[in-house]
Amino acid sequence: MVTRALLNTFPTWMLGIFIVGGFALFGALGHQLVQRKLGGHAGGHNELAGRLIGVLIGMYGIMLAFIIVSLYQEFNATEANVRTEATELSQLLRDSKAFPTDVQDDLHGVIGDYIRTVIDEEWDLMADGRFSQRAWDDVQDLYVIYQSYSPEGAPANAFYDESVTKLNDLVGARRERLEHAERSLPRELLVLLLAGAFFVVAFMSFFGSSTSWVQTAMVGAVGALVGFNMLLVVTLDHPFSGDVTVSNHVFTEGALAEFVAPHSG
């Protein structure tokens with residue numbers, strides 16, 4: 001998707017200049033052009049234009065705010081899901097202490113490989129909406145270990161049952177994380193947002209004023225505000241792309257710290 005490619009190519013501050021500055025410039029230049037072409041006629045219907053602008057901005061603002069809030073909530077949900085995945089791994093490690101040494105070693109080896117693969121390989125792939133097959137192979141190896149082990153005694157059986165449940169939960173959390181990395185706003189909705197933004201800013205250009213430069217500054221400011229909100233939409237839509245991303249530091253904390261050096265992404 002174009003927005004994902006932009007986030008992976010340009011830093012956020014540069015995108016801010018392009019998007020926010022672009023909308024501000026579009027509004028200011030558009031207003032000046034309209035004033036020059038229409039002259040005094042541009043302000044002949046300011047009362048009606050003011051009402052229409054209020055309705056347009058109100059309707060578009062509600063839609064834009066709803067989308068931004070939804071994306072922000074989804075961004076937070078993605079962070080929570082990553083923490084859940086790391087927690088399940090940590091609990092698998094702790095529960096493994098109830099098993100024989102050879103089983104512990106096998107589990108620790110595969111879990112360590114999985115964590116390193118997720119941090120060093122898959123996190124970069126998720127920026128493009130992709131995943132690591134090697135990480136899925138590590139998950140399969142965990143299932144093989146548990147399916148090959150027959151616990152003996154009540155404590156081992158209890159921890160075994162709990163571990164299998166946590167492994168299933170781990171797979172669920174992983175699938176959810178990959179889905180968040182791949183998912184994005186429908187292209188049609190993004191096009192409608194952009195078209196609405198340009199329409200609102202362009203419509204304000206027909207609102208005349210006796211001091212044209214003041215009106216030009218106002219239209220430019222509205223354009224900058226609309227551009228800022230569009231930048232938020234683009235940034236929050238891809239939680240693993242660009243500069244503002246969900247971090248992988250939870251995979252390097254607590255019981256998981258023994259497998260990797262502190263690392264954030």
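# Notebook: around Arg177 and outward

**Entry 1: Arg177.** I started with the contacts of arginine 177, skipping its neighbours within four places in sequence, and got Asn81, Val82, Glu85, Tyr114, Val118, Glu122, Trp123, Met126 and Phe240. A note to self before going on: this is a predicted model. Arginine 177 belongs to helix 6, which covers residues 154–182. Is arginine 177 buried or exposed? I found 0% relative accessibility, so arginine 177 goes down as buried.

**Entry 2: who pairs with Arg177.** Next I looked for a charge partner. The side chain of arginine 177 meets that of glutamate 122 in a salt bridge, 3.0 Å from N to O. I checked where the two sit: arginine 177 is in helix 6 and glutamate 122 in helix 4, 55 residues apart, so I have this down as a link between distant parts of the chain. Both arginine 177 and glutamate 122 are buried. Following shared partners, I could join Glu85, Glu122, Arg174 and Arg177 into one network of salt bridges.

**Entry 3: Glu122 and Arg174.** I then took another bridge of glutamate 122. Its side chain also meets arginine 174 in a salt bridge, at 2.6 Å from N to O. Glutamate 122 is in helix 4 and arginine 174 in helix 6, so this pair ties together parts 52 residues apart in sequence. For burial I noted a relative accessible area of 0% for glutamate 122, which makes it buried. Arginine 174 comes out at 1% relative accessibility and also counts as buried. What else does arginine 174 do, and which ring does it lie over? I found arginine 174 over the face of tryptophan 136, at 4.3 Å from the ring centre.

**Entry 4: the other salt bridges.** I ran the search over the whole structure and it gave nine salt bridges. One that I wrote up is arginine 183 with glutamate 74, where the closest N and O atoms are 3.1 Å apart. Arginine 183 lies in the loop between helix 6 and helix 7, while glutamate 74 lies in helix 3, so the bridge ties together parts 109 residues apart in sequence. Arginine 183 has a relative accessible area of 30% and is partly exposed. Glutamate 74, at 29% relative accessibility, counts as partly exposed too.

**Entry 5: rings.** How many aromatic pairs are there? I counted nine aromatic pairs. In the pair I looked up, phenylalanine 26 and phenylalanine 198 have ring centres 5.2 Å apart and planes at 85°, so I call it edge-to-face. The cut-off behind that call is an angle over 60 degrees. Phenylalanine 26 is in helix 2 and phenylalanine 198 in helix 7 (residues 187–204), so the pair ties together parts 172 residues apart in sequence. Phenylalanine 26 counts as partly exposed at 33% relative accessibility, and phenylalanine 198 counts as partly exposed at 37%. I also noted a cluster in which ring pairs link Phe99, Tyr146, Tyr149 and Tyr160.

**Entry 6: a loop serine.** I moved on to serine 96, which sits in the loop between helix 3 (46–95) and helix 4 (101–126). Serine 96 has 0% relative accessibility, so this loop residue counts as buried. Not counting residues up to four places away in sequence, serine 96 touches Gln104, Leu107 and His108.

**Entry 7: the surface.** Which residues make the nonpolar surface patch of about 390 Å²? I have Trp13, Ile17 and Phe18 for it. Isoleucine 17 is in helix 2, residues 12–38. At 52% relative accessibility, isoleucine 17 counts as exposed.

**Entry 8: Ala65 and Asn229.** Alanine 65 is in helix 3 and partly exposed, with a relative accessible area of 40%. I checked its C-alpha against that of asparagine 229: the two atoms are separated by 8.4 Å, with these positions 164 residues apart along the chain.

**Entry 9: the whole chain.** Last, I stepped back for the overall numbers. I counted eight helices and zero strands, and the pattern along the sequence reads α-α-α-α-α-α-α-α. Of the 265 residues in the chain, 43% are buried. Among contacts between residues at least 6 apart in sequence, 80% join residues at least 24 apart. The chain exposes about 13,600 Å², and carbon and sulfur atoms supply 63% of that.

Note on methods
Residues numbered from 1 in each chain as written. Predicted model: local features only at pLDDT ≥ 70, side-chain atom pairs only at ≥ 80, totals over all residues. Heavy atoms only, no water. Patch = residues over 30% accessible without salt bridge, like charges linked within 9 Å, V, L, I, M, F, W, Y side chains within 5 Å. Areas by Shrake-Rupley, 256 points an atom, 1.4 Å probe, with all protein chains shown as cover. Salt bridge = Lys/Arg side-chain N within 4 Å of Asp/Glu carboxyl O. Helix = DSSP H or I, 4+ residues; strand = E, 2+ residues; numbered from the N terminus. Buried < 20%, exposed > 50% of the residue type's maximum accessible area, 1.4 Å probe, protein only. Phe/Tyr/Trp six-rings, centres within 6.5 Å; stacked < 30°, edge-to-face > 60°. Lys NZ or Arg CZ within 6 Å of the ring centre and 35° of its normal. Contact = heavy atoms within 4.5 Å.
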